[in-house]
Amino acid sequence: IPLWDANLAAQEVERVASKGCHAITFPDNPARKGFASVHDESWEPLWKACNDNKVVINCHIGTGSEPPHPSDKSPMNAWITAMPISVANAAADWLHLQSLSRYPDLKMALSEGSIGWIPYLLERAEFTNAQHIWTNVDWNGKTPTQVFREHFLCCFIEDKFGLKNYKDVGEDIILYECDYPHSDCLWPEAPERLWDSV
């Protein structure tokens, strides 16, 4: 979608939705790419178009806040290991998006973000909400966990810990992804490996 103009982006959402497409890609943190923060009112036409057309916003890891590489000497595996968790900051940011209370069908998928870390994020959000009342966050009568489960879809490739704790994630918001042909992909044994994970 054209990120430089939210009205054009909204028009594109409506155009592709009319053709049967109900998912778009969007940076997990557009501010890191030189665009407005997700909290900026300029995005409202896009949020409304996605809500009204039931179009899911896919926020893939590394599309806004790039996964940090600890140092030039760090092994590549260190970076790859932490990559799925890199979307956690964006998830916390989106969770506090006030537009979620206005658009009940606005949903975003944390693409390739995995799920094992989500129960702690929700625990921390609940703790923060209870402890830091001075921030005056309005959850519209809901809890952070309820808001998360109403608006987020969480995608995993292989995550045994997350699957063992699926109820703490929210079983109705967990999606499997294959990620073919990346090296994280379990192909050609994806179904067997998935079955062994549960």
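**Notes on the fold: helices, sheet and a few local details**

1. Let's start with two helices: α1 and α2 are roughly parallel to each other, because their axes cross at an angle under the 35 degrees used as the limit for that label. This is a predicted model, so please read every value below as computed from it. The crossing angle is roughly 15°, and the two axes come within 7 Å. For orientation, α1 covers residues 6-18 and α2 covers residues 44-53. The crossing of α1 past α2 is right-handed.

2. Which residues of α1 and α2 meet? From α1 come Ala6, Asn7, Ala9, Ala10, Val13, Glu14 and Ala17. Their counterparts in α2 are Pro45, Leu46, Ala49, Cys50 and Asn53. Sorted by character, the residues of this contact are nine nonpolar, two polar and one charged.

3. Now to the sheet. It is open and has five strands in the order β1-β2-β3-β4-β5, paired in parallel. The edge positions belong to β1 (23-25) and β5 (174-176); each has a single partner strand, so one side of each is left without a neighbour in the sheet. On average, neighbouring strands are turned by 30° against each other, with direction ignored.

4. A closer look at one edge of the sheet may help when you browse the model. Strand β2 spans residues 56-60 and pairs with β1 in the parallel sense over three bridges. One bridge to look up is that of alanine 23, whose partner in β2 is valine 56.

5. What lies across β2, β3 and β4? Helix α4, made of residues 88-95, does. Here β3 is 108-111 and β4 is 152-156, and α4 runs at about 165° to β4.

6. Another helix pair is worth a visit: α6 and α7, the latter being residues 144-151. Their axes come within 8 Å and cross at roughly 135°, which means that α6 is oblique to α7. On the α6 side the contact is made by Ile118, Leu121, Leu122, Ala125, Glu126 and Asn129. On the α7 side it is made by Pro144, Thr145, Phe148 and Arg149. These contact residues divide into six nonpolar, two polar and two charged.

7. For those who like aromatics, the count comes to eight aromatic pairs. One of them joins phenylalanine 26 and tryptophan 47: the ring centres are 5.7 Å apart and the planes stand at 70°, so the pair is edge-to-face. This pair links distant parts of the chain, as the two residues are 21 residues apart. Phenylalanine 26 sits in the loop between β1 and α2, while tryptophan 47 belongs to helix α2.

8. Finally, some backbone details to check by eye. Most residues other than glycine have a negative phi, and most peptide bonds are trans. Where is the positive phi of glutamate 112 found along the chain? Glutamate 112 is in the loop between β3 and α6 (118-131), and its phi is about 60° although it is not a glycine.

9. Two cis peptide bonds also deserve a look. Tyrosine 180 and proline 181 are joined by one, with omega about 10°. Tryptophan 187 and proline 188 are linked by a cis bond as well, with omega near 10°. Proline 181 lies in the loop between β5 and α10 (190-197), and proline 188 is placed in the loop between β5 and α10 too.

Definitions and conventions: Residues are numbered from 1 along each chain as its sequence is written. This is a predicted model: local features need pLDDT of at least 70, side-chain atom pairs count only at pLDDT 80 or more; totals for chains, interfaces and linings use all residues. Side-chain values use heavy atoms; hydrogens and water are left out. Axes are lines fitted to C-alpha atoms, for helices over the stretch in contact, and angles run from 0 to 180 degrees between N-to-C directions. Helices (H or I, at least four residues) and strands (E, at least two) are DSSP runs, numbered from the N terminus. Angles under 35 degrees count as roughly parallel, over 145 as roughly antiparallel, 65 to 115 as roughly perpendicular and the rest as oblique. A crossing is left-handed if the near helix is turned anticlockwise from the far one by less than a right angle, and right-handed if clockwise. Contact means heavy atoms within 4.5 Å. Ala, Val, Leu, Ile, Met, Phe, Trp, Tyr, Cys and Pro count as nonpolar, Asp, Glu, Lys and Arg as charged, and the others, Gly among them, as polar. Two strands pair if DSSP finds at least two bridges between them. Rings of Phe, Tyr and Trp (its six-membered ring) pair if their centres lie within 6.5 Å; planes under 30 degrees apart count as stacked, over 60 as edge-to-face and the rest as tilted.
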